[in-house]
Amino acid sequence: MTNAKIKWVALVCCAALTGACDDEDSIGGGGDSSAMTDGGPDSGGGPGGPPPEPGDGDGDGDGDGESDSGDGDGDGDSGDGDSDSHSPIELPDSLYNYANPDLPAHFRTAAVEALDNTPNNNPVTDAGATLGRVLFYDTALSQNETISCASCHEQSTGFSDTLDLSEGFEGGLTGRNSMGLSNSRYYAPGHFFWDERAATLEEQVLMPIQDSVEMGLTLEELVARVSERGYYGPLFADAFGDEQVTSDRISRALAQFVRAMVSYQSRFDQGLEQAGDVLAPFANFSDVENQGKALFLGGQARCGVCHLVNAPPQPGQPPALNNQAIFMFDRPSNNGLDANTSDDEGVGAVTGNPQQSGQFKIPSLRNITLTGPYMHDGRFETLAEVLDHYNTGIENHPNLDPVLRGPDNQPVQLNLDPGQLAAIEAFLGTLTDDALLTDPKFSDPFVG
Ligand code: HEC
Ligand code: HEC
């Protein structure tokens, strides 16, 4: 790995993706809470977005005052549900810490913080995310009470599932492959789903509940369902100041829980903390993993251009890899799965922009070993198949990302040998974060 190669990557990145060099205005995500209730597109917000609305105007508490007074592992008590001796949920006596994870230095850079899509009016609080956790695991959120969010977003598999297409409450299949949720909060445009049709996470989390295949409730039915469950009253009071159940509050709490799913404790993170620089060999990696890392970041395999957001190069400055933490690019792309995408035009079908036809959101590669099958339609069962695609199978879609074209404008042949492909796969394995996947604060709170 040489600096020259990194420079090449950064330059290609900048030249290839129109506007990549100067488009800084989308950071911070959309923060207008109206999007949660009217479902309309919301591209506003950002750092100067709307002011906080504590408790949506009906109280002042957002739960902050009760945040994390202890170590949060006093599991074993029915906690907030203790007014009901038959409470089906088990929560710790003192709230888990969701609001202030102990992030390593590479997450605390300005470049990474700028990718955070948390809106000003819905910061993660310990009480809000606790409510979100219960909602996330509650089958009451589906028509026939068989499916929860966690049915398709399992903690043990990076909050994804192992099916090509997921099964909804009546066994119907979703149109696309379930997405892993690690580090969703660091997608700067703040848009969600493979085709980015949800403008904010607050908007997204209500969509599966209303989807006729996935969970099948109307918002009115949702509010009635949640209101009739006795264990929710104290949780809403802790999170929002009083017990009133609204779909807006449900959306905020679910979004807080999803934003709390930050993956920062993988072997990659440990190695980077020790080495201080992503380009240096990591002491805790095998030689093969270090070789894979260099290939991933370098010019021959090109993965890092789209899967680790690189800072745009400044004129006259050496290229800086300001972000060394977030393994997704902050805009959708086409990676040449098919020459013709009329089956599913992805982002283009949502925006109507023909230049975005066949583009899809680039998911985080955190916990990627566990989130298969891969791609928006789950077409690849294994990472080896994914790598074969990039090595020899890229198709010439009109909107194929220029990063994956050669000098002749044809789809690139990466010419990686089997050892190199295996090394990249080994490196991807270092992004598995067992601490996140087993942390009780993200586990199912329902007992029995
Ligand atoms: C029946 C399976 C199923 C259920 C239930 C389900 N999801 Fe999903 N989820 C999916 C699929 C499939 C996608 C990708 C769909 C698409 O892009 O069209 C997805 C995408 C997402 C995304 C987008 C991630 C990203 O990076 O853009 C989020 C966030 C999410 N789901 C959260 C939730 C929450 C919260 C719930 C519960 C309220 C939930 N899901 C319920 C299957 C499911
Ligand atoms: C031009 C940008 C680009 C480059 C370069 C690139 N990818 Fe991707 N990658 C994407 C896009 C876009 C998707 C989602 C495509 C889809 O599903 O339609 C994706 C999806 C993936 C997925 C599946 C993610 C999931 O959750 O299903 C993996 C794994 C992956 N890429 C690995 C790699 C590796 C390894 C390399 C280097 C050999 C690489 N990518 C190079 C853009 C890129």
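**Exercise 1. Find which residues of helix α12 are buried, then decide whether the helix is enclosed or open.**

*Solution.* Start with the residue list: in α12, E289, N290, Q291, G292, K293, A294, L295, F296 and L297 are buried. Keep in mind that we're working with a predicted model here. Next, set that list against the helix itself, which covers residues 287-297. Nine of its 11 residues are buried, so α12 is largely enclosed by the rest of the structure.

**Exercise 2. Check the length of helix α10 against its residue count, then work out how enclosed it is.**

*Solution.* Step one is geometry. Helix α10 runs over residues 247-259, which makes 13 residues. The expected span is 1.5 Å times one less than the number of residues, so α10 should span 18 Å. The C-alpha atoms at its ends are 18 Å apart, so the model agrees with the expectation.

Step two is burial. The buried residues of α10 are D248, R249, I250, S251, R252, A253, L254, A255, Q256, F257, V258 and R259. That's 12 of 13, so this helix, too, is largely enclosed by the rest of the structure.

**Exercise 3. Place α10 in the nonpolar core: which residues have the most contacts inside the core, and which domains does it draw on?**

*Solution.* The largest nonpolar core has 95 residues. The ones with the most contacts inside it are L131, L135, L254, V258, M261 and I424. Two of these names, L254 and V258, also turn up among the buried residues of α10.

Now the domains. This core takes at least three residues from each of domain 1 (3-23 + 264-435) and domain 2 (52-105 + 117-262).

For a close-up, pick L135. Leaving out residues up to four places away in sequence, L135 touches L141, I250, A253 and L254. I250, A253 and L254 are buried residues of α10, which ties L135 to that helix.

**Exercise 4. Describe the surroundings of ligand 1 and of ligand 2: nearest residues, contributing helices and residue classes.**

*Solution.* Take ligand 1 to begin with. It has 30 residues around it, the closest being C149, C152, F193, W194 and P208. Three helices, α5 (149-152), α7 (207-210) and α10, each supply at least two residues of this shell. α5 gives the most, with three residues. By class, the shell around ligand 1 splits into 17 nonpolar, nine polar and four charged residues.

On to ligand 2. Its surroundings hold 27 residues, and C303, C306, F360, H376 and D401 come nearest. Here α13 (303-307) and α15 (383-392) each provide at least two shell residues. The class count for ligand 2 is 19 nonpolar, six polar and two charged.

**Exercise 5. Look for backbone oddities in the loops: where are the positive phi values, and where is the cis peptide bond?**

*Solution.* Go to F159 for a positive phi of about 60°, even though it isn't a glycine. F159 sits in the loop between α5 and α6 (201-204). It has 27 C-beta neighbours inside 10 Å, so it counts as buried.

N367 also has a positive phi of about 60° without being a glycine. Its loop is the one between α14 and α15. With 27 C-beta neighbours inside 10 Å, N367 counts as buried.

For the cis bond, look at the step from G372 to P373, where omega is near -10°. P373 lies in the loop between α14 (347-351) and α15.

**Exercise 6. Trace contacts across the chain, using F169 and G304 as examples, then zoom out to the whole chain.**

*Solution.* F169 is in the loop between α5 and α6. It has 22 C-beta neighbours inside 10 Å, and the threshold is 20 or more, so F169 is buried. Its C-alpha atom is 7.8 Å from that of E145, which is 24 residues away along the chain. Ignoring residues up to four places away in sequence, F169 touches S142, Q143, N144, T146, I147, E214, M215 and G216.

G304 belongs to helix α13. With 24 other C-beta atoms within 10 Å, G304 is buried. G304 and F327 are 23 residues apart along the chain, and their C-alpha atoms are separated by 8.0 Å.

Finally, the overview. The protein chain has 17 helices and zero strands. Of its 448 residues, 48% count as buried. Among contacts between residues at least 6 apart in sequence, 70% join residues at least 24 apart.

Note on methods
Residues are numbered from 1 along each chain as its sequence is written. Chains are lettered from A and ligands numbered from 1 in the order in which they are written. This is a predicted model: local features need pLDDT of at least 70, side-chain atom pairs count only at pLDDT 80 or more; totals for chains, interfaces and linings use all residues. Helices (H or I, at least four residues) and strands (E, at least two) are DSSP runs, numbered from the N terminus. A residue is near a molecule or strand if its C-beta atom, placed from the backbone, lies within 6 Å of it. Ala, Val, Leu, Ile, Met, Phe, Trp, Tyr, Cys and Pro count as nonpolar, Asp, Glu, Lys and Arg as charged, and the others, Gly among them, as polar. A nonpolar core is a set of buried Ala, Val, Leu, Ile, Met, Phe, Trp, Tyr and Cys residues joined through C-beta atoms within 7 Å. Domain bounds come from an automatic or database domain assignment. Two residues are in contact if their C-beta atoms, placed from the backbone, lie within 7 Å.
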